[in-house]
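I wanted to look up how the strands line up here and what packs against them. These are my notes as I went along.

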Amino acid sequence: MGGVWAILQHREGKAHPGSWEAVTAAKRIAEAIGSTADAVLLGSEVKTLADEAARTGVASVRVADHPALASYVPGPYTVALVGAAKQEQPRFVVFPHTYQSVDYMAGVAHGYDAGVLSEVIALQAGADGVVWTRPILQGKLQARARVRGDGPMVVSVQAGAFPAADRATGQTAPIVPLAVDAGALQAERDLLGVEDAAADVVDLTACERIVAVGRGIGGPDKLPIIRELAAALGAEIGASRPVIDNGWLPRDRQIGSSGQTVAPKLYVAVGISGAIQHLVGMKGANCTVAINKDPGAPIFNVADYGIVGDLFEIVPALTKALLESRPS
Amino acid sequence: MKIAVCIKQVPDTEARLRLNKQGTWIEEEDLPFVINESDECALEEALQIRDKSGGGEVVVFSLGPERVREALRKALALGADRAAHLHDPAFSLGDPVATARALAAAVGREPFDLVLTGSQSDDLGWGVTASLVAARLGLPHAWLVMGIEVENGGGSARVVREMEAGKNEIFRLRLPAVLEVQAGINHPRYASLKGIMQAKRKEIATLSRAEIGLAEGEAGAAGSRVEILKVDFPRAGTGARILEGDVASTASQLVELLRAEARVL
């Protein structure tokens, strides 16, 4: 059994940035098991993307090119990939851990009779084989796992865990077509459209300062202290997913993988534990302050400054200190 | 409609976590457990769909140790009609493939019009178990569902699925299907006193490995390719500079640092 496949995700001719991270992960896995990494592309008329992938230092780019694969639908994508995998027997199939890829990777694992290891953030080759690290308990802890046996595995890698592969290596890998059983590419979803999850009233992406609030706020009645802090900072208010799901703030305030991706100069995270889905939306912040009662909260790992304690005491004190420090 | 709902019991997200002695999992003694958030939303969705369809049944499935009965009892109090507890030491330490094998075998024992569950557990968070159940049952599925409208007399559903960057995808899916909902699709109800009383008379069937027809090597750790060796707290990395002192002093330190060091004020 053979190689390591990195599955490239794309939309409207452009690669999802996670694709290039999957390529890096695939190369590292290949190195760890003494194999080679290939990039795999499902789509229609994806020559430009295949050429880009060919320059990443992979051994080859395998392309399944068919009109039924033009845009993502799980049925055809699963059938095409399973068929190709059965024929070429890759040992690892590596996906970016995205809303699109995870939607069908389990189907691929089932069809290819492979094990599944999702949301990997690191891997380490050792005497007893590869040890894989993934976040658990919403990022509060990490688990190290191993894979038993040498059967095939389907793996997904979390955004930002591996650097994007260099697409200017000076190498050009061969582009090889993958056979597709066109008759089997039946879409079971009848696509009706795409809509915005929220009317984008507030564009947080351009804000210089953001005060973001998380589950730790406890309820909407506690929001005034956050508003006062935001006002003192001249900041907009954002939120992590639980706040939105509970209806404490409207969905257009959501920051994270399913919300807006922001890169302010100052990001103040209040009562946010720092699940990976939130961190991917704010890691571009220039300076991050975390206020949380749990000293073990993962947000402290990415923040520049941290205050451990009761936000209901700290936030008003911070507002007061800001107002008092203003040059008169 | 007859709807199966798969739920998982997980540690309360607010609970302070400690490692067990071996460092292989968290210490479960004195740890509060709840129904996984997105699974509770799946249950709420199932109850609403059942009631809107004018009848049918909501059957809740959960795999896990004895404590899981409490989660099933709560699901019954919320309005589910009956429950099945996959309860057997042979099920423990399963990876997503082994757990999906068991859940699919249990759910597949009777016909359902729809299978609902959450998108991801708040503990192990594999995010793939329900999709594997769908694959095993040969049903279409969707992950990260934010809206379900049953149409066509239960023959299909209009599904809203979350994508990245604030977009939703809308499509039609034939039923039966496995739909994995996102937390936030609805606001789950609270159990009423009447519901809690009624739940006491509702059935919780216990299903063992043999009863759902799995061989010894197919369930739990024995049927798993992935084994968790160790769990630990993430290393702090560079980490935040933690400000010490009383509340007023940390606040003024922070303002000074933001002004003079970070230069963001």
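**Strand β1 of chain B**

I started with β1(B), residues 2–6, in what is a predicted model. This strand is mostly covered, with four of its five residues buried.

Next I checked its partners. β1(B) runs parallel to β4(B), residues 57–63, and five bridges join the two. It also pairs in the parallel sense with β6(B), residues 114–118, over four bridges.

Which residues does B:Cys6 face as bridge partners? In β4(B) I found B:Phe61, and in β6(B) I found B:Thr117.

**The sheet with both chains in it**

Then I moved on to an open sheet of six strands, ordered β15(A)-β14(A)-β16(A)-β17(A)-β18(A)-β13(B), with parallel pairing. β15 of chain A (236–239) and β13 of chain B (241–242) stand at the edges with a single partner strand each, so one side of each has no neighbour in the sheet.

I zoomed in on one pair inside that sheet. β14(A), residues 209–213, and β16(A), residues 266–270, run parallel and are joined by five bridges. A:Arg209 sits opposite A:Leu266 of β16(A).

**Helices across it**

Which helices lie across these strands? Helix α5 of chain A, residues 223–233, lies across β14, β15 and β16 of chain A and runs at about 170° to β14(A). Helix α6 of chain B, residues 247–261, lies across β16, β17 (287–292) and β18 (305–308) of chain A. I noted its angle to β18(A) as about 170°.

So my note to self is that chain B gives this sheet a strand, β13(B), and also lays helix α6(B) across strands of chain A.

Technical notes
Residues numbered from 1 in each chain as written. Chains lettered and ligands numbered in written order. Predicted model: local features only at pLDDT ≥ 70, side-chain atom pairs only at ≥ 80, totals over all residues. Pairing = 2+ DSSP bridges. Contact = placed C-beta atoms within 7 Å. Axes fitted to C-alpha atoms, helices over the stretch in contact; angles between N-to-C directions. Buried ≥ 20, exposed ≤ 12 C-beta atoms within 10 Å, placed from the backbone.
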